[in-house]
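Let's take a walk through this fold, looking at its empty spaces, a pair of packed helices and a few residues with unusual backbones. Have the sequence and the 3D view open as you read.

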Amino acid sequence: MTQATRLDRPSETVAERPLVFVTLGAPGAGKGTQALRLAKELGLPHISTGDLFRASLRDGSALGDEVRKYVEKGILVPDLLTMRVVEERFAQPDAIAGAVLDGFPRTRPQAEALDVLLARQDAHVAAALYIEVDTPELVQRLAGRRVCSGTQQHVYNLATRPPRAAGVCDLDGSALEQRPDDRPATISARLARQLPPMYEVVDHYTETGVLHAVRGDRPMDEVTADLLRVADRAAKRA
Ligand code: AP5
């Protein structure tokens with residue numbers, strides 16, 4: 001699928017400084033789809049704050065109680081709470097090499113806090129990969145998304161990536177569900193509330209010189225190929 005390999009960066013560098021990519025985009029832009037592919041290709045963990053929050057809702061943990069009122073209504077979780085979760089995830093051994101971040105940072109304060117977190121390890125964001133998709137397409141994608149209820153949360157789309165049997169995950173046979181925040185009223189709220197802070201994050205990475213924009217309204221494999229080209233170049237510079 002790609003020219004990028006895990007060997008594009010000398011291994012001693014990996015051991016010393018984490019290689020971190022940010023995927024940026026509106027809800028439904030394809031961050032999750034693409035971040036998973038990039039992580040697999042680059043041999044880095046995929047860290048999604050949305051997945052971490054949804055796992056806490058399923059577990060019934062204290063974190064789940066704290067974040068439910070935000071996530072289910074499509075409102076951003078407060079920055080301090082989000083940073084606590086991110087710092088805990090970054091402290092896990094697999095994140096030593098770095099990560100492909102999905103859905104984080106979502107606000108300028110989160111982006112600045114990530115810079116501070118990485119600076120402690122003499123590192124910085126290698127590239128912020130901004131996946132651009134127009135609003136009508138986003139609404140259509142979110143409304144058509146179905147997610148498997150198994151632990152892997154495989155993602156389908158009724159329009160563009162339907163399962164072979166209606167309502168059933170091709171990969172593990174679990175029932176497919178609609179995310180509570182993918183219902184029509186919540187989709188509008190997410191876009192209205194979350195796009196302005198996202199544009200501030202885009203500005204932050206433009207100012208720091210690591211922003212790369214890619215059109216996301218194309219076949220998934222084409223988007224992946226472009227993102228991998230950018231990531232490969234950034235990995236060589238890092
Ligand atoms: P999160 O899980 O991050 O949701 P999101 O940003 O709203 O993004 P989505 O998961 O909806 O979309 P995506 O861009 O990953 O698209 P996907 O690949 O699935 O966050 C959920 C909530 O958690 C937030 O609302 C907030 O409350 C909270 N939260 C999370 N992080 C936070 C943070 N840092 N700070 C504060 N709060 C936070 O694709 C969408 C659909 O399109 C799929 O069906 C897919 O199959 C399809 N698709 C993808 N690519 C293509 C393509 N190229 N062509 C056609 N269809 C495509």
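A residue counts as buried here when its relative accessible area is under 20%, and as exposed when that figure is over 50%. Keep in mind that this is a predicted model.

**Two residues with positive phi**

Start with Q153, which sits in the loop between β5 and β6. Its relative accessible area is 17%, so Q153 is buried. The backbone of Q153 has a positive phi of about 55°, although the residue is not a glycine. D122 is another non-glycine residue with a positive phi, again about 55°. You'll find D122 in the loop between α6 and β4. Is D122 buried or exposed? Its relative accessibility is 55%, so D122 counts as exposed.

Here are three residues with their accessibility:

| Residue | Relative accessibility | Class |
|---|---|---|
| V147 | 8% | buried |
| Q153 | 17% | buried |
| D122 | 55% | exposed |

**Around V147**

V147 is part of strand β5, and with 8% relative accessibility it is buried. Which residues does V147 touch, leaving aside those up to four places away in sequence? They are Q153, H154, A175, L176, E177 and R179. So the buried loop residue Q153 is one of the contacts of V147. V147 can also be placed relative to G167: the two are 20 residues apart along the chain, and their C-alpha atoms are separated by 9.5 Å.

Helix α7 (residues 135-144) packs against this strand too. Its buried residues are L138, R141, L142 and G144, and they pack against β5, β6 (155-157) and α8 (184-207).

**The second largest pocket**

Strand β5 turns up again in the second largest pocket, where α3 (49-59) and β5 (145-148) each supply at least two lining residues. The biggest contribution comes from α3, with three residues. This pocket has a volume of about 270 Å³. Its lining runs to 14 residues, and R54, R58, E177, R179 and P180 lie nearest the centre. Sorted by class, the lining has six charged, five nonpolar and three polar residues. E177 and R179 are worth a second look, as both are also among the contacts of V147.

**How α3 meets α4**

Besides lining the pocket, α3 packs against helix α4 (residues 62-71). Their axes come within 8 Å and cross at roughly 120°, and the crossing is left-handed. On the α3 side the contact uses F53, S56 and L57, which meet L63, G64, V67, R68 and V71 in α4. By class, this contact has five nonpolar, two polar and one charged residues.

An α-helix has 3.6 residues a turn, so residues three or four places apart point the same way. That is a handy rule to try on the contact residues in your viewer.

**A cis bond and a cavity**

Now move to the loop between β3 (98-102) and α6 (108-119), where P105 lies. A cis peptide bond joins F104 and P105, with omega at about -5°.

How many cavities of 30 Å³ or more does the structure hold? There are two. The second largest encloses about 40 Å³ of space, and its lining includes F104 and P105, along with G103 and R106. The rest of that lining is T23, L24, G25, K31 and M198. By class, four of the lining residues are nonpolar, three polar and two charged.

Note on methods. Residues are numbered from 1 along each chain as its sequence is written. This is a predicted model: local features need pLDDT of at least 70, side-chain atom pairs count only at pLDDT 80 or more; totals for chains, interfaces and linings use all residues. Side-chain values use heavy atoms; hydrogens and water are left out. On a 1 Å grid over the protein atoms alone, a cavity is a set of points where a 1.4 Å probe fits but cannot get out, and a pocket is an open set with protein on both sides within 12 Å along at least five of seven lines; lining residues have an atom within 4 Å of a point. Grid points are joined across faces, edges and corners, and a volume is the space filled by probe spheres set on the points. Helices (H or I, at least four residues) and strands (E, at least two) are DSSP runs, numbered from the N terminus. Ala, Val, Leu, Ile, Met, Phe, Trp, Tyr, Cys and Pro count as nonpolar, Asp, Glu, Lys and Arg as charged, and the others, Gly among them, as polar. Axes are lines fitted to C-alpha atoms, for helices over the stretch in contact, and angles run from 0 to 180 degrees between N-to-C directions. A crossing is left-handed if the near helix is turned anticlockwise from the far one by less than a right angle, and right-handed if clockwise. Contact means heavy atoms within 4.5 Å. Buried means under 20% relative accessible area, exposed over 50%, partly exposed in between (1.4 Å probe, protein chains only).
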